[in-house]
Amino acid sequence: MRLESRLFVPTLMLGLMVLASCGGGARKSASSTTGWSYNDPETGGFEYKADFEQETGPGLVFIEGGTFIMGNVDEDVMKNWNNSPRRVTVRSFYMDETEVRNVDYREYLYWINRVFVDMPEVYRNALPDTLVWRRPLAYNEPMVENYFRHPAYSEYPVVGVNWLQANDYAAWRTDRVNEMILVEKGILELDLQQSGQNNFDTEAYLLGKYEGVAGKNQLEDLDPNKDTRRVRPSDGILLPRYRLPTEAEWEYAAYGLVGNSYEERLTDRRIYPWNGHTLRNPSKKERGRFMANFVRGDGDYMGMAGDLNDGGDITVPVHSYYPNDFGLYCMAGNVNEWVADVYRPLSLEDVDELSPYRGNVFKTKVLDEEGYVVETDEYGNIQYREETAEDIKDRGNYRSADNRNYGDGDAKSNISTGGNWSASELTTDDMYTASTGTLSSTISDRARVYKGGSWRDRAYWLSPGTRRFLDEREARDDIGFRCAMTRVGSPANSKK
């Protein structure tokens with residue numbers, strides 16, 4: 001045997017062994033509890049994927065979780081007393097590197113207009129409110145006409161989007177990302193003829209309610225009685241859904257304290273997403289330049305001609321300034337950002353220490369008489385209903401489906417003695433009542449938190465610990481958003 005041949009044989013065997021350990025070898029692994037082989041048609045074909053590592057979705061940055069002090073780090077100059085410091089733990093997750101841009105939202109609208117041809121109301125409901133730029137005593141019509149559509153503002157953050165619209169965008173983005181994953185793997189053919197109810201929806205696909213056009217690379221079904229199969233959740237191919245970050249996630253990511261820690265010791269807390277108590281860059285090259293886009297003082301939105309310090313009269317492109325230690329841009333200034341939470345002044349005293357969040361409304365899929373998931377709605381989405389008392393009567397971990405006002409804001413606590421309202425007349429969407437019994441506050445189950453400060457705000461609001469709220473149906477010219485995604489599996493990223 002020639003030397004090359006003698007070398008080739010063990011090299012080939014080594015290569016096969018490596019392949020076996022990475023994927024094909026999983027066919028020979030066996031259950032430690034039954035002894036039956038995994039991924040083997042000869043023993044039934046039960047599939048098991050070992051050593052799974054989640055892929056990072058488009059536009060996202062990995063945020064390794066941990067514990068931090070959530071809430072005030074500076075004087076509460078507004079005297080709201082709504083963000084008292086409390087130690088909490090945030091699980092690892094992913095977050096958009098930047099705010100969602102005008103071009104991103106225009107892509108969304110373009111898809112809706114192309115797919116929902118016979119449902120123009122879907123397009124109208126998704127449109128941002130460009131009239132948010134108007135002021136009674138300011139000439140802002142150029143912003144009304146140009147800010148969203150003109151290519152000069154493509155890289156600027158989208159505004160005029162309310163909380164409900166932001167959630168709709170996140171759901172749409174989930175489906176487009178997962179659809180393209182299946183197309184790139186050859187599992188589905190790219191189908192540009194989708195319309196109305198017949199459009200790719202991740203959940204509908206997983207439940208067998210969307211067929212699509214099969215690609216050339218169908219997954220082999222190891223069940224000896226079957227040939228090919230669709231993707232399952234256990235394959236780990238499809239990504240978790242894009243969503244708005246919780247308030248705790250957003251605040252944790254904004255501080256970026258990973259840059260100030262050493263072996264579980266935090267060296268310095270932060271007022272802003274950068275070190276120090278000032279708003280100017282301390283580096284020699286950029287000394288004196290502002291670190292964010294905000295209002296310096298009365299009538300000063302961008303500095304003087306010849307030296308426009310923060311570079312923006314209104315918003316600025318989403319990659320402006322320096323990223324924080326997680327690699328996130330504009331976590332202070334530029335635009336405020338919607339988060340998922342319902343607002344309550346005392347939430348920090350009430351929410352859990354792990355993954356704190358107020359806003360849960362637990363739902364279940366709508367089933368038919370035989371217990372199967374019903375067909376999708378007119379938009380191609382799986383139908384859900386809120387859980388009933390009958391559904392949760394035997395549960396111990398929660399006793400109500402709607403937990404937005406859990407421990408605060410329920411009808412009884414809203415009633416004032418001597419007022420003109422009764423508990424039977426109030427719903428969870430009613431406002432808090434004043435001592436007169438009249439509805440006087442804007443805090444309700446529709447009040448959503450926004451954070452971060454904006455081009456219209458003073459420096460105080462740039463601290464991630466500050467918080468404000470707005471009705472989820474309203475929009476403004478200084479509020480945008482970015483998306484997040486849940487991290488599944490280990491909180492540590494082995495690929496970093």
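**Exercise 1. Which residue with positive phi follows helix 7?**

Solution. Start with the ground rules. This is a predicted model: local features need pLDDT of at least 70, side-chain atom pairs count only at pLDDT 80 or more, and totals for chains, interfaces and linings use all residues. Residues are numbered from 1 along each chain as its sequence is written, and side-chain values use heavy atoms, with hydrogens and water left out.

Step 1. Helices (H or I, at least four residues) and strands (E, at least two) are DSSP runs, numbered from the N terminus. Helix 7 covers residues 247-255.
Step 2. G256 follows helix 7, and its phi is positive, near 55°.
Step 3. Check the cover. Buried means under 20% relative accessible area, exposed over 50%, partly exposed in between (1.4 Å probe, protein chains only). Nine of the nine residues of helix 7 are buried. Among them are E247, W250 and Y255.

**Exercise 2. Find the salt-bridge partner of E247 and place both residues.**

Solution.
Step 1. A salt bridge is a side-chain nitrogen of Lys or Arg within 4 Å of a carboxyl oxygen of Asp or Glu. E247 meets R467 in such a bridge, at 2.6 Å from N to O.
Step 2. R467 sits in the loop between strand 13 and strand 14 (468-471), and E247 in helix 7, so the pair ties together parts that are 220 residues apart in sequence.
Step 3. Both R467 and E247 are buried.

**Exercise 3. Trace the salt bridges of E155 and K365.**

Solution.
Step 1. The structure holds 35 salt bridges.
Step 2. E155 pairs with R101, their closest N and O atoms being 2.9 Å apart. E155 lies in the loop between helix 4 (141-146) and helix 5, and R101 in the loop between strand 4 (93-96) and helix 2, so the pair ties together parts 54 residues apart in sequence.
Step 3. E155 is partly exposed at 35% relative accessible area. R101 is partly exposed at 23%.
Step 4. K365 pairs with E203, the closest N and O atoms being 3.9 Å apart. K365 belongs to strand 11 (residues 363-365) and E203 to helix 6, so this pair ties together parts 162 residues apart in sequence.
Step 5. Another set forms a network of salt bridges: E47, D221, R229, R232 and D235.

**Exercise 4. What does D191 contact, given that it has no salt bridge?**

Solution.
Step 1. Locate D191: the loop between helix 5 (163-184) and helix 6 (202-206).
Step 2. Look for a charged partner. Lys and Arg count as positive and Asp and Glu as negative; His and the chain ends are not counted. D191 is buried, and the nearest side chain of opposite charge, R114, is 7.6 Å away.
Step 3. Turn to the backbone. The D191 side chain reaches the backbone nitrogen of Q193 at 3.0 Å.
Step 4. Contact means heavy atoms within 4.5 Å. Leaving aside neighbours within four places in sequence, D191 is in contact with Y210 and V213.

**Exercise 5. Compare the span of helix 2 with the expected value and name its packing partners.**

Solution.
Step 1. The expected span of a helix is 1.5 Å times one less than its number of residues. Helix 2 (residues 102-115) has 14 residues.
Step 2. From first C-alpha to last, helix 2 reaches 20 Å, close to the 20 Å expected.
Step 3. Its buried residues include Y105, W111 and V115.
Step 4. The buried residues of helix 2 pack against helix 3 (120-126) and helix 5.

Definitions and conventions: A polar contact is a pair of N or O atoms within 3.5 Å; within protein, one must be able to donate a hydrogen and the other to accept it, and residues adjacent in sequence count only if both atoms are side-chain atoms.
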